[in-house]
Amino acid sequence: MVSIDKYLKKDAILLKYARSAGENETDRIKLQNSGTILVFPVENTYMMNDLLTGFGRNGKEYDFSVYDRVLDRTWMDSRRVEMILMRLKYPEDLAPEKAAEYRGRINEKLEEILRHLAADRNLPVLKLLAEEGFFNAANIEGCIKTLERAGEREMMLWLMNWKNQEIGSDAFDFSL
């Protein structure tokens, strides 16, 4: 496992957390100058080595072009989706075109992403998807069905509850 501690500058804080008991630990970096939080997947040595080259590059605390280049790789698993969502949540030096591209990729592959999240039982990333506006009246029912087919009851129930709070439930008119 790669450690990023030695790459951190004095103005960055390493935030370590475990998504849930028994799952892989993820290192998150909070850049003090901007408050931006980035996800660094410690379980993927190849990706980590690429991401670490951004520290102190081009005279910046972190050169986000390095992060974006890593995110440009096309495959989408739970971890990459989490990284993209955090990039959208903290868009420091993120060009509007790149943000639109990330949003388009997630929207295009939303069903596949939900299957990955269900397989990983990754409720925190499902919540990030909701927070970043990826669920709406047009796609919510399909998303709930995808989680139901994947057998992920907790995530499905959370999304149903979110739908009822944010979108509302279908009202039935029983008048004659």
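R121 is exposed (over 50% relative accessible area, found with a 1.4 Å probe and protein chains only), its own relative accessible area being 52%. R121 lies in the loop between helix 5 and helix 6, and its phi is positive, about 55 degrees, although R121 is not a glycine. This is a predicted model, in which local features need pLDDT of at least 70, side-chain atom pairs count only at pLDDT 80 or more, and totals for chains, interfaces and linings use all residues. Residues are numbered from 1 along each chain as its sequence is written, and side-chain values use heavy atoms, with hydrogens and water left out.

**Overall make-up**
- The protein has eight helices and three strands; helices (H or I, at least four residues) and strands (E, at least two) are DSSP runs numbered from the N terminus.
- Along the sequence the pattern is β-β-β-α-α-α-α-α-α-α-α.
- Of the 176 residues, 45% count as buried, that is, under 20% relative accessible area.
- About 9,400 Å² of the protein is exposed, and carbon and sulfur atoms supply 49% of that area; accessible areas come from the Shrake-Rupley method with a 1.4 Å probe, and for residues only the protein chains shown count as cover.

**Another positive phi**
- D93 has a positive phi of about 55 degrees although it is not a glycine.
- D93 sits in the loop between helix 3 (78–89) and helix 4 (96–108).
- D93 is partly exposed, at 49% relative accessible area; the partly exposed class lies between under 20% and over 50%.

**Helix 5 with helix 6**
- The axes of helix 5 (residues 110–120) and helix 6 (residues 123–131) come within 9 Å and cross at roughly 150 degrees; axes are lines fitted to C-alpha atoms, for helices over the stretch in contact, and angles run from 0 to 180 degrees between N-to-C directions.
- That angle makes helix 5 roughly antiparallel to helix 6, a term for angles over 145 degrees.
- L110, I113, L114 and L117 of helix 5 meet V125, L126 and L129 of helix 6, where contact means heavy atoms within 4.5 Å.
- By class, this contact of helix 5 with helix 6 has seven nonpolar, no polar and no charged residues; Ala, Val, Leu, Ile, Met, Phe, Trp, Tyr, Cys and Pro count as nonpolar, Asp, Glu, Lys and Arg as charged, and the others, Gly among them, as polar.

**Helix 7 with helix 8**
- The axes of helix 7 (residues 140–149) and helix 8 (residues 153–166) come within 8 Å and cross at roughly 165 degrees.
- Helix 7 is therefore roughly antiparallel to helix 8.
- The residues of this contact of helix 7 with helix 8 divide into nine nonpolar, no polar and three charged.

Definitions and conventions
Parallel < 35°, antiparallel > 145°, perpendicular 65-115°, else oblique.
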